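Subject: The structure to look at

Hi,

Here is the structure I said I'd pass on. Have a look at it first, then read on for what I found in it.

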Amino acid sequence: MHEWALAEAIIDYVSKVLRERNAVKVKRLVLRIGKLQTIDKEILVFALNNLAKEYDISIDEIIMRDEEITLKCRKCLTQWTLSPSQLPEDIREAIHFVPEVVHSFTKCPKCGSRDFDIVSGRGLSIESIEVV
Ligand SMILES: [Zn+2]
């Protein structure tokens, strides 16, 4: 269900861009997906294509890029990346719904602090959109 809500927001944005630029269709849509979100890409593409049809929007190509999870310690300013495959599945599931949960499962590799910021790897964003 999460994927459908995201797809709806994307299509909403896409239709706005098409209107603003007086374009007829989307040639290429590039999405950036944070690894913390563990979005089901198949469902997302399915939802996007379905909604596009509903809104009478044609999208030639959808490209999805993964965004690495980057964390930054607030105490010593060390920056590091986290691979979700290092985490057990139930924790990945929890993070999918509440990304902040990551604070309980990882800590700064240098000073051991759990006080860190999530610099990247959260949510989903539209990297670029090409219309004709
Ligand atoms: Zn630190």
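Before the list of elements, one bit of vocabulary: helices and strands here are DSSP runs, numbered from the N terminus, with at least four residues for a helix and at least two for a strand. Also keep in mind that this is a predicted model.

**The overall picture**

With that in hand, the protein has 4 helices and 6 strands. Start at the N terminus and you'll meet the elements in the order α-β-α-β-β-β-α-α-β-β. The C-alpha trace spans about 55 × 30 × 15 Å along its principal axes.

There are 132 residues, and 36% of them are buried. Of the contacts with a separation of 6 or more, 75% are between residues 24 or more positions apart. The accessible surface comes to about 7,900 Å², and carbon and sulfur atoms account for 47% of that. As for charges, the protein has 19 positive and 21 negative ones, and the mean positions of these two groups are 7 Å apart.

**Helix α3, one side at a time**

Try finding helix α3, which covers residues 89-97. Which of its residues are buried? They are I91, I95 and H96. These three cover an arc of only 150° around the axis, so they sit on the same side of α3. The general idea is worth remembering: an α-helix has 3.6 residues a turn, so residues three or four places apart point the same way.

What do the buried residues of α3 pack against? Their partners are α1 (2-20) and α4 (102-105). Turn to the other side of α3 and you'll find E89, D90 and F97, which are exposed.

**Where α1 starts and what follows it**

H2 sits in helix α1. Its relative accessibility is 28%, so H2 counts as partly exposed, since that class lies between the 20% limit for buried and the 50% limit for exposed. Setting aside residues up to four places away in sequence, H2 touches Q37 and H96. You've met H96 already, as one of the buried residues of α3. H2 also has a distant partner in sequence: I39 is 37 residues along the chain, with 8.2 Å between the two C-alpha atoms.

Next, look at R21, in the loop between α1 and β1 (26-34). R21 is partly exposed, because its relative accessibility is 47%. How far apart are R21 and V132 in sequence and in space? They are 111 residues apart in sequence, but 8.8 Å apart from C-alpha to C-alpha. Leaving out neighbours within four places in sequence, R21 is in contact with I129 and V131.

**Two buried residues with polar side-chain links**

T70 belongs to strand β3. Is T70 buried or exposed? It is buried, because its relative accessible area is 13%, and buried means under 20%. The side chain of T70 makes a polar contact with the side chain of S120, at 3.0 Å. Beyond neighbours within four places in sequence, T70 has contacts that include Q79, W80 and T81, as well as D117 and I118.

S113 is in the loop between α4 and β5 (116-120). At 7% relative accessibility S113 counts as buried too. Its side chain reaches the backbone nitrogen of D115 at 2.9 Å. Apart from neighbours within four places in sequence, S113 is in contact with C73, K75, K107 and C108.

**Two loop residues with a positive phi**

Finally, two backbone angles to check. D56 is not a glycine, yet it has a positive phi of about 60°. You'll find D56 in the loop between α2 (41-54) and β2 (62-67), and it is exposed, at 71% relative accessibility.

L77 is not a glycine either, and its phi is positive at about 65°. L77 lies in the loop between β3 (69-73) and β4 (79-82). With a relative accessible area of 57%, L77 is exposed.

If you want somewhere to begin, colour the two sides of α3: I91, I95 and H96 are the buried ones, while E89, D90 and F97 are exposed.

Cheers

Technical notes. Residues numbered from 1 in each chain as written. Predicted model: local features only at pLDDT ≥ 70, side-chain atom pairs only at ≥ 80, totals over all residues. Heavy atoms only, no water. Buried < 20%, exposed > 50% of the residue type's maximum accessible area, 1.4 Å probe, protein only. Arc of directions from axis to C-beta. Contact = heavy atoms within 4.5 Å. Areas by Shrake-Rupley, 256 points an atom, 1.4 Å probe, with all protein chains shown as cover. Lys, Arg positive; Asp, Glu negative; His and termini not counted. Charge placed at Lys NZ, Arg CZ, Asp CG, Glu CD. Polar contact = N/O pair within 3.5 Å; in protein donor to acceptor, adjacent residues only side chain to side chain.
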